[in-house]
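Reader: I'd like to go through this one label by label and hear what stands behind each. Can we start once the model is up?

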Amino acid sequence: MFTKLVPGTTIGISSPAWIPLKERVANGIKYLEEKGFKVKISKNINNQYGYFAGTDEERLEDLHDLFADKEVSAILATRGGWGTLRMLHKLDFELIKKNPKPVIGYSDITSLQLAILTKTGLGSLSGPMLAVEMGKGIKEFTENHFWNYSDRKKRITMETS
């Protein structure tokens with residue numbers, strides 16, 4: 001299990017699927033920084049290959065770099081779409097297992113989360129994405145439930161024990 005994300009920690013930003021809107025990426029980064037987080041943007045985030053955010057190799061390289069980076073506590077997807085499935089067979093699961101951190105997102109990102117769970121036993125978070133909810137104005141309900149996920153887990157465990 002991973003720990004709750006707290007202000008001061010670094011969140012890595014990756015685009016494993018479609019190209020995010022640049023304005024929403026900027027808004028999402030501003031949102032995270034205003035919440036007190038450090039942000040590390042993957043180097044290929046602004047690339048384009050058709051409607052993907054870079055080639056399969058570039059998107060895969062970004063994920064591997066963020067997993068290997070000791071400063072990064074979690075990896076947040078910019079958006080879903082399609083394309084993550086094209087990289088799953090090339091993921092370095094040993095690297096991921098040695099550097100456990102949650103991948104946060106949903107939609108197409110779910111295939112990445114499930115592959116990591118299946119091959120390493122590491123969980124992830126189905127949650128808001130940088131250039132979607134965080135980039136266009138996150139709803140209070142989503143924001144509260146996302147940022148308080150570990151406290152809720154403790155309450156559920158205590159109530160059912």
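Author: Sure. This is a predicted model, and leucine 63 is a good place to begin: leaving aside residues up to four places away in sequence, leucine 63 touches Ser14, Pro16, Ile75, Met87, Leu91 and Leu112. Leucine 63 sits in helix H2.

Reader: What makes leucine 63 count as buried?

Author: Its relative accessibility. Leucine 63 comes in at 1%, and buried means under 20%, so leucine 63 counts as buried.

Reader: How far is leucine 63 from threonine 84, in sequence and in space?

Author: The two are 21 residues apart in sequence, and their C-alpha atoms are 11 Å apart. Threonine 84 lies in the loop between strand S3 (72–77) and helix H3 (93–98).

Reader: That's a loop residue, then. Is threonine 84 buried or exposed, and how do you know?

Author: Buried. The relative accessible area of threonine 84 is 0%, and the cut-off is under 20%, so the label follows. Its contacts, not counting residues up to four places away in sequence, are Pro16, Ala17, Arg59, Asp108, Ile109, Ser111 and Leu112. Threonine 84 and tryptophan 18 are 66 residues apart along the chain, with 8.7 Å between their C-alpha atoms.

Reader: What about phenylalanine 52: where is it found, and why is it called buried?

Author: Phenylalanine 52 is in the loop between strand S2 (38–41) and helix H2 (56–68). Its relative accessible area is 5%; buried means under 20%, so phenylalanine 52 is buried. Beyond residues up to four places away in sequence, phenylalanine 52 touches Ala17, Trp18, Ile19, Asn47, Arg59, Trp82, Gly83 and Arg86. Lysine 119, on the other hand, is 67 residues from phenylalanine 52 in sequence and 25 Å from it in space, C-alpha to C-alpha.

Reader: Now serine 107. Why does it count as partly exposed?

Author: Serine 107 has 44% relative accessibility. Buried stops under 20% and exposed means over 50%, so serine 107 falls in between and counts as partly exposed. Serine 107 is in the loop between strand S4 (103–105) and helix H4 (109–120).

Reader: What makes the phi of serine 107 worth a remark?

Author: Its sign. Serine 107 has a positive phi of about 60° although it is not a glycine. Most residues other than glycine have a negative phi.

Reader: Let's zoom out. How many helices and strands are there, and in what pattern?

Author: Seven helices and five strands, following β-α-β-α-β-α-β-α-β-α-α-α along the sequence.

Reader: And why is the protein called as compact as a globular protein of its length?

Author: Its radius of gyration is 15 Å, and the globule rule gives 15 Å for 161 residues; the two are close, so the description holds. Along its principal axes, the C-alpha trace spans about 50 × 35 × 25 Å. Of the 161 residues, 48% count as buried.

Reader: How do you know that contacts join residues at least 24 apart?

Author: From the share: among contacts between residues at least 6 apart in sequence, 76% join residues at least 24 apart.

Reader: Last one: what is the predictor's confidence, and where is the pLDDT below 50?

Author: The mean pLDDT is 91, and 91% of the residues reach 70 or more. Over residues 152–161 the pLDDT is below 50, and that stretch has two contacts in the model beyond near neighbours in sequence.

Note on methods:
Residues numbered from 1 in each chain as written. Predicted model: local features only at pLDDT ≥ 70, side-chain atom pairs only at ≥ 80, totals over all residues. Heavy atoms only, no water. Helix = DSSP H or I, 4+ residues; strand = E, 2+ residues; numbered from the N terminus. Rg over C-alpha atoms; globule rule 2.2 N^0.38 Å. Buried < 20%, exposed > 50% of the residue type's maximum accessible area, 1.4 Å probe, protein only. Contact = heavy atoms within 4.5 Å. pLDDT = per-residue confidence, 0-100.
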